[in-house]
Amino acid sequence: MRYAMAIDTKKCVGCSDCVVACQTENNVPLGFCRDWISETTDGTYPKLELEIRSERCNHCDNTPCVRTCPTGASHIIDGGIIKVTHFECIGCGACIESCPYDARYFHPEGWVDKCTFCDHRLKNGQLPACVSVCPTKCMYFGDLDDKNSVVSKIIATRKWKVLAPEAGTSPQIFYLV
Amino acid sequence: MKEEIITSGRMIPNIDPVLHVWHWQIPVYLFLGGLAAGLLFFASYYTLTGKTKNFPTAVKIGPIIALFAIVLGLIALLLDLKHPLYFWQLYTTIRLESPMSWGAWALFLIMPMAVVWIASYLKEIFPKLDSRKKFASLLKFIIVETETDKEFNWDWKFNWLRKFEQFVIKERKPFAWIMIVFSVILGVYTGILLSAFNARPLWNTSILGPLFLTSGLSTAAATIMWMSKNHTEKIVFSRIDLLLIVVELFFITHLFMGYVAGSQVKIDAAHYFLGGEYTISFWVNVIILGLIIPAILESLELLKFKVPIAIPAALILWGGLMFRFIMVDAGQVTRYLY
């Protein structure tokens, strides 16, 4: 099993519903977020190109955060989801420094917090909160090992990119372009 | 010209707009760790070469400073942790992939070594208690006064401690072998800690390990030559330091050659030092004040000019500290853009 997400940059309008859904679902403390919206403007006026992305932890295949964690608090669970065990985390910040996507942050209680792909919802057969609320249905979630999953099908047929592939992390969030 | 503007609604403290997770504690700790590693290296080295008589400061006083440096460094490290009550989790596992894990273990093991090393020389450093009454009263739980006609007028309170001391004194060389290995691990670790983070292009270069080790040895040599009251020792360490400065300049040249010949993120990282916001602080504090001026002063001294040793020594320590502050700070600014 390999959970992954595909996000259609042509459909995303940057409404931030995914951000709010995540904050509500996961009790994210005020002022913090596990997912966020990035807007990039490319080119020179008047020839500009806009891309809107919903970003989060890429649940990479090659995980610098798990590698640099001195206590093993950062770990990989079934489906390639990267999680942090709160009581093992000493709050050293090594994983935050090692993430090219700055997807982790210090929870006010001291441990490091991040996106979990809503693994507690997956167990009940539900989609991650962000995916389930998206009003433009621009997010696709599923198992890459299953050739018939919605995410496998969409990345087989559409052109996509990943963020900072040169960082060598083999990210698992695919942005459809 | 092609432009790219990235805006994001995210504004997490210490992460946006630029990463600033590691504050003063980490550079201070890297400096003290490097200094301690260097001091213990020289103490072990001169024990292994059988020159303990010629280098009393390096062998006997250096490790005392090293122990203080390690303790202060550990305090700094503990202050850096956001979940400090769980620090013991570091010692429930050994993760070879994580430099911080084996660095924590190296520190954990080298600290008792330094304590034993110092204790085994305590009778030589403080043979008489009279002048050190206060110090003696602090150690009352472990030492007792003895008759004054011997070379020293105190001894360990417990027999097993006396036996252990004799054992350490007899086996100084194997002990020094172990400590020299751990001191090199500790010195290299201070650099590898940073270079393991490939998300920060400025740090992600393998030369950082040897560079930080050399810098640590250099600060240690400066400390020894400053503390030493022995003329030959002063001169030897001044020469060692001069050599280390040359090696350090060589490594720094390589460091920048690597950046400039590297990928775009490395070139961007180098630009922070070659015209960007860290240019003045780096070249003035680290290169000119921390390396070139001490090198000139030490060369003048070699040519028999009279130079107060405190000036080059203090400058080297300043340069070493600033180097770590700038590297830790600037490294967090450099990143991959997407």
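The largest pocket of this predicted model holds about 670 Å³ of space. Its lining counts 30 residues, and those closest to the centre are Ile6(B), Pro17(B), Arg335(B), Tyr336(B) and Leu337(B). Both chains take part. Chain A brings β2 (36-44), while chain B brings β1 (4-8), α9 (264-271) and α11 (310-333); these are the elements that give two or more residues to the lining. The top contributor is α9(B), with four residues. Sorted by class, the lining has 15 nonpolar, seven polar and eight charged residues.

The second largest pocket has a volume of about 570 Å³. Here 20 residues form the lining, and the closest to the centre are Leu67(B), Val115(B), Ile118(B), Ala119(B) and Leu122(B). Three helices of chain B give two or more residues each: α2 (56-80), α3 (99-125) and α5 (159-170). The largest share comes from α3(B), which supplies seven residues. What is the class make-up of this lining? It divides into 18 nonpolar residues, one polar and one charged.

Return now to two strands met at the largest pocket, β2(A) and β1(B). They belong to an open sheet of three strands, ordered β3(A)-β2(A)-β1(B), with antiparallel pairing. The edges are β3 of chain A and β1 of chain B, each of which pairs on one side only. From one strand to the next, the twist averages 15 degrees. In general, strands of a sheet pair through backbone hydrogen bonds, either parallel or antiparallel.

Take the chain A side of this sheet. Nine bridges link β2(A) with β3(A) (residues 47-55), in the antiparallel sense. The two strands make a hairpin, with two residues between them. Thr44(A) stands opposite Lys47(A) of β3(A).

Then cross to chain B. Five bridges join β2(A) to β1(B), and the two run antiparallel. Which residues stand opposite Ser38(A) and Thr41(A) in β1(B)? Ser38(A) faces Ser8(B). Thr41(A) is set opposite Ile5(B). The general pattern in a regular strand is that side chains alternate between the two faces of the sheet.

Chain A holds another open sheet, this one of four strands. The order is β8-β1-β10-β9, and the pairing is mixed. At the edges lie β8 (139-143) and β9 (160-161) of chain A, each pairing on one side only. Strand β1(A), residues 3-8, joins β8(A) through five bridges, and these two strands run antiparallel. Within that pair, Met5(A) has Phe141(A) of β8(A) as its bridge partner.

The last stop is a pair of helices in chain B. Two packed helices are described by the angle between their axes and the distance between the axes. For α7(B), residues 208-227, and α8(B), residues 231-260, the axes come within 9 Å and cross at roughly 155 degrees. Are α7(B) and α8(B) roughly parallel or roughly antiparallel? Angles over 145 degrees count as roughly antiparallel, so α7(B) and α8(B) are roughly antiparallel to each other. Their crossing is left-handed. The contact of α7(B) with α8(B) has 17 nonpolar, four polar and four charged residues.

Definitions and conventions. Residues are numbered from 1 along each chain as its sequence is written. Chains are lettered from A and ligands numbered from 1 in the order in which they are written. This is a predicted model: local features need pLDDT of at least 70, side-chain atom pairs count only at pLDDT 80 or more; totals for chains, interfaces and linings use all residues. Side-chain values use heavy atoms; hydrogens and water are left out. On a 1 Å grid over the protein atoms alone, a cavity is a set of points where a 1.4 Å probe fits but cannot get out, and a pocket is an open set with protein on both sides within 12 Å along at least five of seven lines; lining residues have an atom within 4 Å of a point. Grid points are joined across faces, edges and corners, and a volume is the space filled by probe spheres set on the points. Ala, Val, Leu, Ile, Met, Phe, Trp, Tyr, Cys and Pro count as nonpolar, Asp, Glu, Lys and Arg as charged, and the others, Gly among them, as polar. Two strands pair if DSSP finds at least two bridges between them. Axes are lines fitted to C-alpha atoms, for helices over the stretch in contact, and angles run from 0 to 180 degrees between N-to-C directions. Angles under 35 degrees count as roughly parallel, over 145 as roughly antiparallel, 65 to 115 as roughly perpendicular and the rest as oblique. A crossing is left-handed if the near helix is turned anticlockwise from the far one by less than a right angle, and right-handed if clockwise.
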